[in-house]
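Dear colleague,

I am handing over the structure we spoke about, and I would be glad if you read these notes with it open in front of you. Please look at the sequence first and then follow the notes in order.

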Amino acid sequence: MGAIDPLVLLASLMVASTPILLAAIGEMVVEKAGVLNLGVEGMMITGAVCGFVIAVNTGSPTIGFVAAAAGGAGLSVLFALLTQYLLSNQVATGLALTLFGLGLSALIGQGYVGIKAPATGDLPIPLLADIPILGRILFQHDLMVYLSIALIAGVWATLKYTRFGLILRAVGENHDAAHALGYKVVHIRFLAILFGGACAGLGGAYISLIRVPQWTEGMTAGAGWIALAIVVFASWKPWRVLIGAYLFGGITVLQLNLQAAGLKIPVEYLSMSPYLITILVLVIISADRSRAALNAPASLGRSFHTSH
Amino acid sequence: MIRLEKRPEPSKAWSAAAPVLAVVATMIAGGLLFASLGQDPFVAIRTIFWDPIFGEFAFYYRGQLLVKAGPLILIAIGLSLGFRAGIWNIGAEGQYIVGAIVGAGAGLAFFPSESFLIFPFVILCGAIGGGLWALIPAILKTRFNTNEILVSLMLVYVAEAMLASVSSGLLRNPDGQGFPGSRNFRDFPAAHNDYIIESAGIHWGVLAAFGAVILAYVLLTRHILGFQVRLTGEAPRAARFAGVNPTRLVVFCLVTSGALAGLAGMFEVTGPAGQISIDFNSGYGFTAIIVAFLGRLHPIGILLAGLLMALTYIGGEAAQATLGLPGAAIQLLQGMLLFFLLAVDVFANFRIRFGTREAA
């Protein structure tokens, strides 16, 4: 156990959490608008491959991240068209999106296995980064880590204080009432789905460009599904998404460090621990039926159709 | 202006035509995809969809068709029961793996016995393994209201880690010079799921798949439980008033689908795959979701859809070998198929109306 440096552990926690954090905050907005998109995994892996390919070809991780957001959003357009205009079942369409995304990413990325991504530099925040201990844990990361936290704050403020946030929540809580008030339910949901796709794409690219940083098939390994679980864990509240993602990132980092430290527990059991803990957390959160039902957007997963 | 008008009842004709249209659309989109990869689209589509059945080497491929379709059908039949009732087991891949591990483990424990009882015991253990793995999301859903989609999916990753563990640990071949992977079941006739008719690719798993199709058909059309499954899916409120016990239904649907997936895994590992190894599973649990939807959640439809999906696997392998088409392209094609199906489905539930809306 002596091999684990708690400082490094805490610092890498934020890096390990960022992909899930990005995907989860995007999905939270989608669900707030009343849409359940189970295709997060597919959009993440598509973002991962788009970001990687573009970053390798241009040599710029920044352009890579932009491409990843575009890729994730592009895939989510398929979901939006099917569920919002053709009124298909959201669960089935989300699953289709994941299966499709896994295939698409494998196809795009086949020539890129074994290449290293261009490095993304850390961006220590002046002054703050020099604080002993805290500075190293919190303020010596790459730009995406800070952006992901800013995104949480932005989503929180938008949902809570702006008119658009209010409309988005109204659409998610009761689409018929929102429609009666004259809001374009389908347009707003379309935008939310696009936002969720872009966030998932960014999260995927964070894995392939910074966390790993390489491309391998199926490299998101369930991160998208965990992001979905974190939205439930967070009871659809932005700051709790942050807590959930960091909690999860902490467990991931800890088990990786335990593996490296050569603990007596077999590697396989350590690597299944994040998934088991996700299940455990879901159980705890869902067990209180009244609270779980209270927080979920009331129109979640229901298709909206005007002429009835 | 185009708008959609909800049909009072889903159109039967459209519902039946949708899979065919989806396949045609997939062939067209797939052709465009292959063209963009620098292939002749017509040759590629013919290699995937036509040659395995009617081409020069069809005698080889035709046998493979049932080998691949068997597990897909078996899993999809189970999934369709839950999907009909709005119970989403998407962790069939995990149940498939656990069924295989438990079944194979139970058999290997008796190596090198030659008793004829071993194979039935292996089958039973495979079903129990898969069923118990699916019982976890079932209990968590009924007791704690936990989302079965997420739990069953998380358990896939847990099952994969378990598979990695047992194939290099508990079930490793003691005579295998330390290589990961269990004993090969070809060397253990009492537990080997051998071909019954080799040229047609029929082994016990394929027979079980046909059996499941018939049983599911009878269940859905003739049995009260099947009626309750259908009722819960089509009118959940009516189902509650009719006295359907939701807890029992959730457990029944999840455990049945888990047991069938477990059986599929067990038949695969003791037959075509031959041994427990880290990557013996080939994603059938996920492809079966497409099969279930493509088959309209109907047993006969699933039988046909399973055969079609098996064809894309075999044709895909052939296209990989002869045209150098990437394997991922087939996965993409399968995903596309589900997309087109969901898109075409709009015509079953809605009528397209042109022109402006008349005053209400």
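A helix here is a DSSP run of H or I with at least four residues, and helices are numbered from the N terminus. With that in mind, P112(B) can be placed in the loop between α5 (92–108) and α6 of chain B. Please keep in mind throughout that this is a predicted model.

The peptide bond that leads from F111(B) to P112(B) is cis, with omega near 0°. A second backbone feature is found in chain A, where L87(A) has a positive phi of about 55° although it is not a glycine; this residue sits in the loop between α3 and α4 (90–108) of chain A. Both features are worth a look because most residues other than glycine have a negative phi, and most peptide bonds are trans.

Next, please turn to a pair of helices within chain A. The axes of helix α2 (residues 40–58) and helix α3 (residues 61–85) of chain A come within 7 Å and cross at roughly 145°, and the crossing of α2(A) and α3(A) is right-handed. On the α2(A) side the residues that take part include G42(A), T46(A), C50(A) and I54(A), while those on the α3(A) side include I63(A), G64(A), A67(A) and L75(A). Taken by class, the residues of this contact of α2(A) with α3(A) are nine nonpolar, nine polar and no charged.

The last part concerns how the two chains meet. Which numbers of residues do chain B and chain A bring to the contact? Chain B gives 45 residues and chain A gives 46 residues, and between them the chains bury about 3,800 Å², with 80% of that on carbon and sulfur atoms. Of the area that chain B buries against chain A, L150(B), M154(B) and F339(B) supply 18%, more than any other three residues.

Across the interface of chain B and chain A the rule finds zero salt bridges, and the count of residue pairs in polar contact between these chains is two, both at pLDDT 80 or more. Several elements of chain B, among them β1 (2–6), α6 (118–144), α12 (284–294) and α14 (327–344), each supply at least two residues of the side that touches chain A, but α7(B) gives the most to that side, with 13 residues. The residues on this side of chain B divide into 33 nonpolar, seven polar and five charged.

With best wishes

Methods: Residues are numbered from 1 along each chain as its sequence is written. Chains are lettered from A and ligands numbered from 1 in the order in which they are written. This is a predicted model: local features need pLDDT of at least 70, side-chain atom pairs count only at pLDDT 80 or more; totals for chains, interfaces and linings use all residues. Side-chain values use heavy atoms; hydrogens and water are left out. Axes are lines fitted to C-alpha atoms, for helices over the stretch in contact, and angles run from 0 to 180 degrees between N-to-C directions. A crossing is left-handed if the near helix is turned anticlockwise from the far one by less than a right angle, and right-handed if clockwise. Contact means heavy atoms within 4.5 Å. Ala, Val, Leu, Ile, Met, Phe, Trp, Tyr, Cys and Pro count as nonpolar, Asp, Glu, Lys and Arg as charged, and the others, Gly among them, as polar. Buried area is the accessible area (1.4 Å probe) that two parts lose on being put together, summed over both. A salt bridge is a side-chain nitrogen of Lys or Arg within 4 Å of a carboxyl oxygen of Asp or Glu. A polar contact is a pair of N or O atoms within 3.5 Å; within protein, one must be able to donate a hydrogen and the other to accept it, and residues adjacent in sequence count only if both atoms are side-chain atoms.
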